[in-house]
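Please open the structure in your viewer and keep the selection tool at hand. The tour moves from one selection to the next and says what is there at each stop.

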Amino acid sequence: MAHAAQTLKTILDNGLTVLIRESHRAPVASFWVWYRVGGRNEVPGITGISHWVEHMVFKGTQTYGPGEIFRLVNKHGGTLNGFTWLDYTAYFETLPAPQILLAADIEADRMQNAVFDPTEVESERTVILSEREGNENQPTFHLREEVVAAAFRAHPYGQGVIGHVSDLRQITRDDLYRHYRTYYVPNNATVVVVGDVDAQATLAEIERRFGAIPAGPEPAPVRTAEPPQQGERRVVVRRPAPNPTLLMAFHAPAAEHPDALPMMLLDTVLSGGKAMGFGGGGGMGRSSRLYRALVASGLCSAAGSSFTLTIDPYLMTISAALVPSAEPARVEAIVQEELARLREEPVPEEELARAVKQLRAQFAYAGESVSSQAYWLGALRTVAPGLDPDTVIDRLAALTPDDLLRVARTYLTPDQATVGWLEPTAIAPSPADVVPLAARPHFLSDARGSGAGAFPAPRLDLREHTLDSGLRLLGHHDPTSDAAVLGLRLPTGAVADGETPGLARFTAQMLPRGTAHRTFAELNEELDSLGAGLSVSPGRDYVDIAATCLKEDVARLAELLAEVVLEPAFPEDEIERMREQSLTALRQALNDTRAQASHTLRSTIYPAGHPYHHRVLGTETTLSTISRDALITFHRRYYQPERAILAVSGGVPVEEAWDQVQRVFGGWRTTETLPAVDIPPVDPPPGRVRREEQLPGKSQADIALGLPALERSHPDYDALRVANLILGRLGLMGRLGASVRERQGMAYYVYSSLEAGRGRGLWAAHAGVNPVNVERAVESIIAEVERFRGDLPTTDELEDAKSYLIGSLPLSLESSGAIAGTALDIAFYDLGLDYIERLPARIAALTREQIREVAARYLLPDRMVVVIVGPQAATWP
């Protein structure tokens with residue numbers, strides 16, 4: 001991921017560990033603080049307290065009031081967050097590099113000065129409970145909670161992180177503050193900085209801010225060790241669910257144990273190389289053992305394994321989501337057979353090399369992001385301070401088949417297993433069953449800020465070329481990158497479905513399922529051997545096909561991409577597997593309150609027959625009847641170079657990359673006129689419309705409010721984008737978050753969104769709340785929209801939104817994948833190759849009056865559709 005010489009490691013006199021790594025590929029830096037405290041450090045009665053403390057630390061200090069930390073970071077073009085896990089709590093800010101010391105100011109202050117106001121504690125109690133209720137809406141959450149609890153009889157890992165409801169209702173302000181003062185001390189923390197900084201100068205600034213913070217008493221060690229498991233344990237969870245799910249857990253070694261890295265490689269053999277940190281390649285692992293045995297065979301819609309580095313011995317897990325026709329006993333038997341094979345037969349050298357290549361590639365892809373580098377450095381320092389992150393890949397590459405055989409025999413044994421099954425007690429509703437139950441009308445002071453004009457004008461040096469076929473090429477070269485990205489966009493999304501919803505997605509998903517020259521399995525094996533990812537993303541307006549590899553493999557990847565796009569075979573057996581997997585995905589969406597609320601909102605706003613009306617996924621009827629001939633016909637009509645765009649980015653020079661594209665796509669020709677897709681304009685309903693739906697086995701209700709807004713190409717789009725930022729995005733979810741979450745404590749999440757599309761996309765607001773708070777939440781969201789339409793945004797709000805949009809541009813162009821995606825957007829929406837250079841001036845010119853004007857014009861509360869999807873009627877107010 002980087003070179004050891006780039007990392008400066010220091011321990012200050014107060015015990016604070018500091019790691020700084022210079023990375024000068026983009027003018028961005030990421031600042032992290034890791035505290036060695038999480039679910040592992042909790043006892044019955046205060047489970048979930050570490051996570052709650054994390055929430056409270058965002059509530060501010062005497063210097064930074066509630067919401068001001070988010071606001072301040074956003075106004076400087078940055079992003080931030082925090083998260084709690086079993087072994088740690090971490091906070092990060094990723095900012096334009098000149099602003100990175102703002103993060104140091106914030107983190108040094110809240111290491112010792114968080115307030116824990118009693119009123120804020122009580123407000124956040126409801127938010128925490130709402131977060132748990134949102135988790136409970138997912139049937140697999142209950143399965144994992146039960147399996148992990150059964151696997152651990154003694155160690156606190158068995159308690160998880162979110163906490164038990166009874167504890168969350170009883171934890172006091174004093175409990176929280178005591179936990180904070182115990183663990184938020186410099187000698188229990190690590191600061192990590194990665195980015196476009198001078199290491200020595202940054203260290204001096206960190207020491208100036210953190211050096212005077214006194215060390216605290218060493219936190220009490222976790223004494224409990226999990227006793228050896230004496231035999232298989234079994235768990236059965238029966239809940240309303242769309243499909244059976246298997247979860248197996250095996251006790252596994254701690255991060256600093258010599259067996260940890262062999263387990264990581266064994267996990268890759270089982271289910272492919274995983275992304276490292278906050279970024280990585282996708283689409284790997286389709287030649288892995290679990291994918292071949294369970295997904296490629298058509299028995300499961302998804303299957304995988306997971307091994308995580310932890311302070312104490314934790315778990316290796318194996319999961320499988322079955323398609324409805326699969327027999328659970330057969331799936332479990334196949335998993336057991338694969339595990340037995342690992343225990344009995346050495347992994348072949350070729351398969352081992354493929355796994356190592358995938359991990360090497362994932363490290364390279366993650367290395368393009370300073371946030372991912374910082375995550376990896378901080379997480380490893382926290383859970384395994386004796387493990388050098390710069391030697392991990394070389395140590396993995398040195399492992400032998402005998403090493404994997406040994407750890408499989410040690411850990412993946414029947415007596416070490418906890419086997420859990422989620423057994424559905426009710427079939428997820430079919431589309432015809434989901435009917436409306438009711439339908440009726442219905443973060444600091446500006447002295448630190450620099451303003452929108454203070455950011456240097458960003459540049460994205462894109463080059464453009466069009467082949468004779470009409471294929472439009474875009475290119476960007478970053479000589480510091482080890483990756484190469486090829487991104488192809490075709491205007492063949494769900495808008496082209498016509499009378500067969502789901503046809504565009506089905507066709508796109510079939511592309512890599514076998515070609516004229518290679519079976520699905522052969523293609524997957526070659527991609528995995530390159531450490532390459534190939535992903536197909538069917539959307540509403542377009543289909544993206546993205547291929548990522550190490551730069552030395554770009555010629556071969558270009559060949560495989562062209563083969564997938566131009567010569568798909570549409571084999572009948574793969575069509576049937578895709579059909580059942582798609583039907584399973586549909587049933588899962590129908591059983592998800594947030595997904596169902598979003599769909600009902602869309603299908604109510606856009607009339608039947610409109611290309612934005614239906615799910616991209618399709619319907620049960622169409623998915624059951626789509627034929628091979630229909631797929632071939634759709635591919636012939638719509639997969640043509642006319643209006644197709646291919647962007648290349650990364651470490652390969654543009655001309656060299658284009659030569660490879662020309663070599664493999666040069667013969668692609670338009671064979672018939674590309675069918676026109678009409679996206680008619682849609683107006684909001686004449687009055688407010690309300691829809692309510694119920695799903696069994698849920699704890700939380702999801703709310704979606706919205707109406708059609710405007711096209712991405714509309715002159716008002718930038719102004720409405722800024723309005724949406726102020727209303728429901730900026731800081732801790734804008735004005736909506738300040739009202740519904742922060743002041744009233746009703747929701748873990750509430751936010752608004754604005755679609756970018758060829759047609760009039762949705763503006764929508766979403767919230768997840770306890771059913772007793774539904775009416776109050778709906779009224780509060782509508783009231784905020786009404787207020788926003790009537791009053792001018794404050795000067796601070798507008799300047800913060802401008803600063804965020806302009807200042808965050810370097811962050812959005814940090815990786816090769818992000819650059820390729822931005823290039824495709826620019827070309828697809830005809831924004832002009834100089835769009836990035838022109839955007840700051842366009843945003844800076846917006847006035848408060850313009851923001852109010854677009855809000856009043858497009859955000860019409862009396863004409864919104866309001867959708868509520870939640871538990872059975874007995875739980876509603």
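Select Asp87 to begin, and you will find this residue in the loop that runs between strand 4 (79-84) and strand 5 (89-96). The model in front of you is a predicted one, and the distances given along the way are to be read with that in mind.

Is Asp87 buried or exposed? Asp87 is buried, and yet this residue has no salt bridge. If you now add Arg40 to the selection, you have the nearest side chain of opposite charge, which lies 4.1 Å away from Asp87; that pair does not count as a salt bridge because the definition asks for a nitrogen and a carboxyl oxygen within 4 Å.

Which side chain makes a polar contact with the side chain of Asp87? Select Tyr157, whose side chain meets that of Asp87 in a polar contact of 2.7 Å. To see the wider surroundings, leaving aside residues up to four places away in sequence, display the residues that Asp87 touches, including Tyr35, Arg36, Val37 and Gly38, and also Thr310, Ile311, Thr382 and Val383.

The next stops concern salt bridges, of which the structure holds 62. Go first to Arg292 and Glu525, which form a salt bridge whose closest N and O atoms are 2.6 Å apart. Arg292 is partly exposed, with a relative accessible area of 35%, and Glu525 also counts as partly exposed, at 27% relative accessibility.

Move on to helix 19 (residues 572-590) and select Glu574 and Arg577, which are three residues apart there and therefore separated by about one helical turn. Their side chains meet in a salt bridge, at 3.1 Å from N to O. Glu574 counts as buried, with 8% relative accessibility, whereas Arg577 is partly exposed, with a relative accessible area of 21%.

Then find helix 26 (residues 774-790), where Glu784 and Arg787 are three residues apart, so that about one helical turn separates them. Here the side chains of Glu784 and Arg787 join in a salt bridge of 3.0 Å, N to O. Glu784 counts as buried at 7% relative accessibility, while Arg787 counts as partly exposed at 37%.

For the last stop, which residues are linked in a network of salt bridges? Select Arg518, Glu526, Arg556, Glu559, Glu563 and Arg663 together, and you will have on screen the residues that salt bridges link into a network.

Definitions and conventions: Residues numbered from 1 in each chain as written. Predicted model: local features only at pLDDT ≥ 70, side-chain atom pairs only at ≥ 80, totals over all residues. Heavy atoms only, no water. Helix = DSSP H or I, 4+ residues; strand = E, 2+ residues; numbered from the N terminus. Buried < 20%, exposed > 50% of the residue type's maximum accessible area, 1.4 Å probe, protein only. Lys, Arg positive; Asp, Glu negative; His and termini not counted. Polar contact = N/O pair within 3.5 Å; in protein donor to acceptor, adjacent residues only side chain to side chain. Contact = heavy atoms within 4.5 Å.
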